[in-house]
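Student: I'm new to this one and don't want the whole tour at once. Please pick one part and take me through it closely, along with whatever sits around it.

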Amino acid sequence: MAPLIALLLGTALAHLAGLAGVSALDGWHPALRVGLAVMFTLTAVAHFAGQRRADLIAMVPPRLPRPDLLVTLTGVLELVGAIGLLVPTTARVSAAGLGLLMLAMFPANVSAARRRLTLAGSAVTPLGQRTVLQIVFVATAAAISFGP
């Protein structure tokens, strides 16, 4: 739920900044870019340290090799994508790449839900709810990629 809150809050605050006169954030499209960047920055941090990293490594489907390397790689891609969202000339490509990354990582969420794993001491998001969240996140990336 924290990624959704980060997306919504980051978008709302960026939009308010645009309304207050920050011309780079004038409109919903730039605000969505900021919101998605905030969300991916938040999720990327979990890939690098502490219990969340261990939980993310456990979420990788068992048939995939080197789950630790995959978690590190996806964290790096999330950070690079978040930075790319903030640069107008790379935002569309970054959003498209992050959308594809989310689709590629979704099987890990399915696997984790089916195996009833935990993330930071709580059960992972149930599959139905996770699917809805994934649709929202991918749709946001698509709106940035194909929007105005």
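Tutor: What follows is a close look at helix α6 and its surroundings.

A little housekeeping before we start: residues are numbered from 1 along each chain as its sequence is written, and side-chain values use heavy atoms, with hydrogens and water left out. The model is predicted, so local features need pLDDT of at least 70 and side-chain atom pairs count only at pLDDT 80 or more, while totals for chains, interfaces and linings use all residues.

Now to α6, which runs over residues 127-146. Helices here are DSSP runs of H or I with at least four residues, strands are runs of E with at least two, and both are numbered from the N terminus. The 20 residues of α6 should span 28 Å at 1.5 Å a residue, and its end C-alpha atoms are indeed 28 Å apart, so the two agree. (The expected span is 1.5 Å times one less than the number of residues.)

Which residues of α6 are buried? They are R130, L133, Q134, F137, T140, A141, I144 and S145. Seen down the axis, these buried residues fall within an arc of 140°, so they line one face of α6. Buried means under 20% relative accessible area, exposed means over 50%, and partly exposed is in between, using a 1.4 Å probe and protein chains only. The arc is taken from the directions from the helix axis to the C-beta atoms. On the other side of α6 you'll find G128, V132, I135 and F146, which are exposed.

So what lies over that buried face? The cover includes α1, α2, α4 and α5. Contact here means heavy atoms within 4.5 Å.

Two residues of α6 let you see this cover up close. T140 counts as buried because its relative accessibility is 9%. Leaving out residues up to four places away in sequence, T140 touches L7, L32 and L36. L7 is one of the buried residues of α1, and L32 and L36 fall within α2 (28-45). S145 is buried too, since its relative accessible area is 11%. With the same sequence neighbours left out, S145 touches R92, A95 and A96, and those three fall within α5 (residues 91-114).

Let's follow the T140 contact over to α1, which covers residues 2-19. Its 18 residues should span 26 Å, and its end C-alpha atoms are 25 Å apart, which agrees. Buried in α1 are P3, L4, A6, L7, G10, T11, A14, H15 and G18. These cover an arc of only 160° around the axis, which puts them on the same side of α1. What covers them includes α2 and α6, so the cover works both ways, with α1 also listed over α6. Turned away from that side are the exposed residues I5, L8, L13 and L19.

Two other helices belong in the picture. One is α5, where L100 lies; L100 counts as exposed because its relative accessibility is 59%. L100 and A142 are 42 residues apart in sequence but 9.8 Å apart in space, C-alpha to C-alpha. The other is α4 (residues 67-85), whose 19 residues should span 27 Å; its end C-alpha atoms are 27 Å apart, which agrees. Its buried residues are V71, T74, G75, E78, G81, A82, G84 and L85, and what covers them includes α2, α3 (50-59), α5 and α6.

One last stop, at the loop between α3 and α4, where R66 sits. R66 has a positive phi of about 45° although it is not a glycine. Most residues other than glycine have a negative phi. R66 also forms a salt bridge with D68, the closest N and O atoms being 3.1 Å apart. A salt bridge is a side-chain nitrogen of Lys or Arg within 4 Å of a carboxyl oxygen of Asp or Glu, and a search of the whole structure finds one. D68 counts as partly exposed, as its relative accessibility is 29%.
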